[in-house]
Amino acid sequence: LFQKTLTAVKNWFTLFGWSEGQNPISIPYSLRRDVCKVQMTSSKKKIFKHNLEKGTKTVYDMLFHLSGQLLPGITVNQSLPLDPVERMLRIHWQHSTLLGFLKSQGACLPHIMPEFLLEPDDYRKWIKVQSGLKVDVKNSDIFSNKHLLILEDNIFETVSKRAWTDVLLQIYKLFVLPRVSSRNITDLFNLEGVQNMPRIKSEPLSSNIYSPYERTILTWLNKHYENNRKTVWKDCQKGEVPPMRWIVNFDRDLLDGLVLAAQLAAYCPYLIATHFVRMYTNPRTPAQFLHNCLIFVNAMRAVSLTIDIKV
């Protein structure tokens with residue numbers, strides 16, 4: 001489940017997280033690596049060298065694109081200190097500033113420490129500085145020293161991957177979901193045929209699972225499905241018109257592809273005759289579910305909605 005979430009997050013931010021089109025990312029590797037556009041190195045000493053190209057985008061570019069805000073003390077183009085330890089401390093401060101900013105906006109990230117966002121080598125340097133030890137802690141056991149948690153390499157990679165995924169999910173929650181407008185929410189159910197459907201309450205405290213923005217999307221799904229099901233499948237080749245349903249979640253209620261197809265048909269009705277009439281309107285077997293989802297994904301590709309969704 002986590003791997004599916006990670007893949008979905010990676011795909012969305014690759015496609016929509018940047019100001020100038022797609023920018024492939026890897027979680028956590030490219031996000032940890034690309035922390036500054038200019039990495040200064042010493043020509044006299046053979047030290048870690050990582051010069052980023054001029055066009056390289058950082059997590060701060062992404063945050064500025066999605067939120068319109070620059071973090072305090074962090075500029076779009078900046079350099080890091082030459083000294084490896086000072087460089088690590090600077091990056092740690094940047095990550096701390098990032099987490100502080102997100103928390104101030106309402107992010108739920110109490111389980112993430114700034115050091116979890118570091119590169120593995122920088123994490124070991126940070127541990128060494130914090131613990132005051134002059135030994136290699138690469139293979140040390142986990143122990144507590146003034147609330148200092150030392151993670152083994154393989155555990156750190158797992159924690160870092162989860163930490164970066166959670167940071168991106170919170171960024172999405174804070175700066176993307178609120179773009180969903182509830183301005184016309186009262187008008188969505190005024191159409192004939194949907195007036196008798198149960199309402200999904202949009203009040204903030206009416207659900208401990210979905211935000212008001214997500215419940216607005218559920219209302220939108222209900223509206224289009226009920227308004228279009230008789231039109232989309234009136235000439236269906238594999239069943240009758242599907243029955244009315246109340247869509248209350250984003251997993252079980254979307255599994256058979258019918259609700260999603262009704263949304264796409266609302267904006268691209270020409271896909272009905274070429275794709276959606278071939279869907280099973282009362283699917284019962286895994287093969288029939290797969291059949292429907294294949295048709296839906298092919299319909300998305302037909303209108304160039306190529307966002308890499310797997311059937």
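This is a short talk on the fold, the empty spaces, the salt bridges and a few local features of one predicted model.

I will begin with the overall make-up. The chain has 311 residues, and 43% of them are buried. Its secondary structure consists of ten helices and zero strands. Reading from the N terminus, then, the order of elements is α-α-α-α-α-α-α-α-α-α.

Next, the empty spaces. In general, one finds empty space by rolling a probe the size of a water molecule over the atoms. I take the largest pocket before the cavities. The volume of the largest pocket is about 2600 Å³. Its lining takes in 48 residues, and those nearest the centre are Ala8, Tyr172, Phe250, Leu254 and Ile309. Which elements give two or more residues to that lining? They are α1 (2-16), α6, α7, α8 and α10 (286-302). Helix α1 supplies the largest share, with ten residues. By class, the lining of this pocket has 31 nonpolar residues, ten polar and seven charged.

Now the cavities. Over the whole structure, the search returns two cavities of 30 Å³ or more. The largest cavity has a volume of about 60 Å³. Eleven residues line the largest cavity, and Tyr60, Asp61, Leu70, Ile74 and Thr75 are the closest to its centre. How does the lining of the largest cavity divide by class, that is, how many residues are nonpolar, polar and charged? The count is seven nonpolar, three polar and one charged.

On to the salt bridges. As background, side chains of opposite charge can pair when their charged atoms come close. The whole structure holds ten salt bridges, and I will go through three.

The pair to start with is Glu119 and Arg32, whose side chains form a salt bridge at 3.7 Å, N to O. This pair links distant parts of the chain, with the two positions 87 residues apart in numbering: Glu119 sits in the loop between α4 and α5 (120-131), while Arg32 sits in helix α2 (residues 29-33). Are the two partners buried or exposed? Glu119 is partly exposed, at a relative accessible area of 24%. Arg32 has a relative accessible area of 4%, so it counts as buried, the limit being under 20%.

The next pair lies within one helix. Asp166 and Arg162 meet through their side chains in a salt bridge of 3.2 Å, N to O. About one helical turn separates Asp166 and Arg162, because they are four residues apart in helix α6 (residues 153-175). Here too the partners can be placed by accessibility. Asp166 counts as buried at 11% relative accessibility, and Arg162 is partly exposed with a relative accessible area of 43%.

The last pair is Arg245 with Asp256, whose closest N and O atoms are 2.7 Å apart. Both residues belong to the loop between α7 (212-232) and α8 (258-267), eleven residues apart, and the pair links distant parts of the chain. Arg245 counts as partly exposed at 21% relative accessibility. Asp256 is buried, with a relative accessible area of 8%. Beyond single pairs, there is a network: Arg32, Glu119 and Glu157 are joined by salt bridges that share partners.

Turning to the surface, there is a nonpolar patch of about 200 Å², and the residues that make it are Val85, Leu89 and Val129. Leu89 belongs to helix α4 (residues 84-104). With a relative accessible area of 36%, Leu89 is partly exposed. Patch residues must have over 30% relative accessible area, so Leu89, at 36%, meets that cut-off.

Finally, the backbone. As a rule, most residues other than glycine have a negative phi, and most peptide bonds are trans. Two places in this model are worth pointing out against that rule. One is the peptide bond from Ile27 to Pro28, which is cis, with omega near 5°. Pro28 lies in the loop between α1 and α2. The other is Ser304, a residue other than glycine with a positive phi, near 65°. Where does Ser304 lie? Ser304 is in the segment after α10, and it is exposed, with a relative accessible area of 61%.

That is the end of the talk.

Note on methods
Residues numbered from 1 in each chain as written. Predicted model: local features only at pLDDT ≥ 70, side-chain atom pairs only at ≥ 80, totals over all residues. Heavy atoms only, no water. Patch = residues over 30% accessible without salt bridge, like charges linked within 9 Å, V, L, I, M, F, W, Y side chains within 5 Å. Areas by Shrake-Rupley, 256 points an atom, 1.4 Å probe, with all protein chains shown as cover. Salt bridge = Lys/Arg side-chain N within 4 Å of Asp/Glu carboxyl O. Buried < 20%, exposed > 50% of the residue type's maximum accessible area, 1.4 Å probe, protein only. 1 Å grid on protein atoms, 1.4 Å probe; cavity = no way out; pocket = protein on both sides within 12 Å on 5 of 7 lines; lining within 4 Å. Points joined across faces, edges and corners; volume = space filled by probe spheres on them. Nonpolar A, V, L, I, M, F, W, Y, C, P; charged D, E, K, R; others polar.
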